[in-house]
Amino acid sequence: MPAPTALQRAPEPLAVEETIHGAPQSAVDDDIILSTNQPTEGAPQDPAQDEQQAPETMDVDNSTSTPLFAPEKASSLAVRVEERKIRVPPHRMTPLKASWPKIYPPLVEHLHLQVRMNLPKKAVELRTSSHTTDPGAIQKGADFIQAFCLGFDLDDAIALLRLDDLYIQSFEVKDVKNLSGEHMSRAVGRIAGKDGKTKFAIENASRTRIVLADQKVHILGGFKQIHVAREAVVSLILGSPPGKVYGNLRVVANRMKERF
């Protein structure tokens, strides 16, 4: 016997009738249309059983209905065209014209770039195309042309296209020490040496390439190799005797051989 305070429950046929009349008209219609299991006449219906059957009928209806959105169309990727213009100094225009048959094949065949030498503007123009696969191809091509314009040999500049760990570092003699007149000439002479022997010794010991262009020094090589060559050049600019610099380079070269 239920407790006196318990809620009174209506008989089952009356509860089902109140549930149907109390629900919205759309819910009643959906329930009538979507239900597949029609109860037999005179059989009592359980509200809990109706609630369990409603989601199942909805899932069946959703699986057979048409999608609300059309499938996404396959979009073709747009090719972004990049351009780069490298200014050529006047004194490098003649070597550029003479070496042009050897300059453009690596850019066109290896990097798949479009190259043009603009004589009126004295510049080399690079542009990517649909055949360019390397995203850094235009930067490599610009570094290659820039290295040639700075005065490096063509074979050394081509190494920038084939190796990823090569860089160019440039600085002036005045960045190390403020010199002028004959002092500047002596500093540049100490870097070059007699017949360029000092410069060649630094290049062979540090495995770099050095270009002396008036008061500017350009170094091509790896990160650690550039550091070794720069220290030697800075020591010569500050007045260190070449013999002491040779000794330091010999020690550094032996250490580099041990590492390899």
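Me: How many helices and strands does the protein chain have?

Reply: The protein chain has 11 helices and six strands, where helices (H or I, at least four residues) and strands (E, at least two) are DSSP runs, numbered from the N terminus. This is a predicted model, in which local features need pLDDT of at least 70 and side-chain atom pairs count only at pLDDT 80 or more, while totals for chains, interfaces and linings use all residues. Residues are numbered from 1 along each chain as its sequence is written, and side-chain values use heavy atoms, with hydrogens and water left out.

Me: Why is V252 called partly exposed?

Reply: V252 has a relative accessible area of 26%, and buried means under 20%, exposed over 50% and partly exposed in between (1.4 Å probe, protein chains only), so V252 is partly exposed. V252 sits in helix α11 (residues 242–259), and its C-alpha lies 7.9 Å from that of V228, although the two are 24 residues apart in sequence.

Me: What makes D195 exposed, and why does K122 count only as partly exposed?

Reply: D195 has a relative accessible area of 66%, which makes D195 exposed, whereas K122, at 40% relative accessibility, counts as partly exposed. D195 belongs to the loop between α8 and α9, and its phi is positive, near 55°, in a residue other than glycine. K122 is found in the loop between β2 (114–118) and β3, with a positive phi near 55°, and is likewise not a glycine. Most residues other than glycine have a negative phi.

Me: Which residues touch the most other members of the largest nonpolar core?

Reply: They are L96, I103, L107, V124, L126, F144 and I145, in a core of 27 residues; a nonpolar core is a set of buried Ala, Val, Leu, Ile, Met, Phe, Trp, Tyr and Cys residues joined through side-chain atoms within 4.5 Å. At least two residues of this core come from each of α4 (93–110), β3 (123–127), α5 (137–150) and α6 (154–162), and α5 gives the largest share, eight residues. Leaving aside neighbours within four places in sequence, L107 is in contact (heavy atoms within 4.5 Å) with residues including H112, V115, L126, F144 and L161. A second, separate core of 21 residues includes M184, A229, I237 and L249.

Me: How do you know that the span of helix α10 agrees with its number of residues?

Reply: The expected span of a helix is 1.5 Å times one less than its number of residues, so the 15 residues of α10 (residues 223–237) should span 21 Å, and its end C-alpha atoms are indeed 21 Å apart. Among the buried residues of α10 are Q225, I226, A229, V233 and I237, and the helix is followed by G239, whose phi is positive, near 110°.

Me: Why is α8 called oblique to α9?

Reply: Helix α8 (residues 182–192) and helix α9 (residues 197–206) pack at an angle of about 55°, with their axes 5 Å apart; axes are lines fitted to C-alpha atoms, for helices over the stretch in contact, and angles run from 0 to 180 degrees between N-to-C directions. Angles under 35 degrees count as roughly parallel, over 145 as roughly antiparallel, 65 to 115 as roughly perpendicular and the rest as oblique, which makes α8 oblique to α9. R190, I191 and A192 in α8 meet K197, T198 and K199 in α9.
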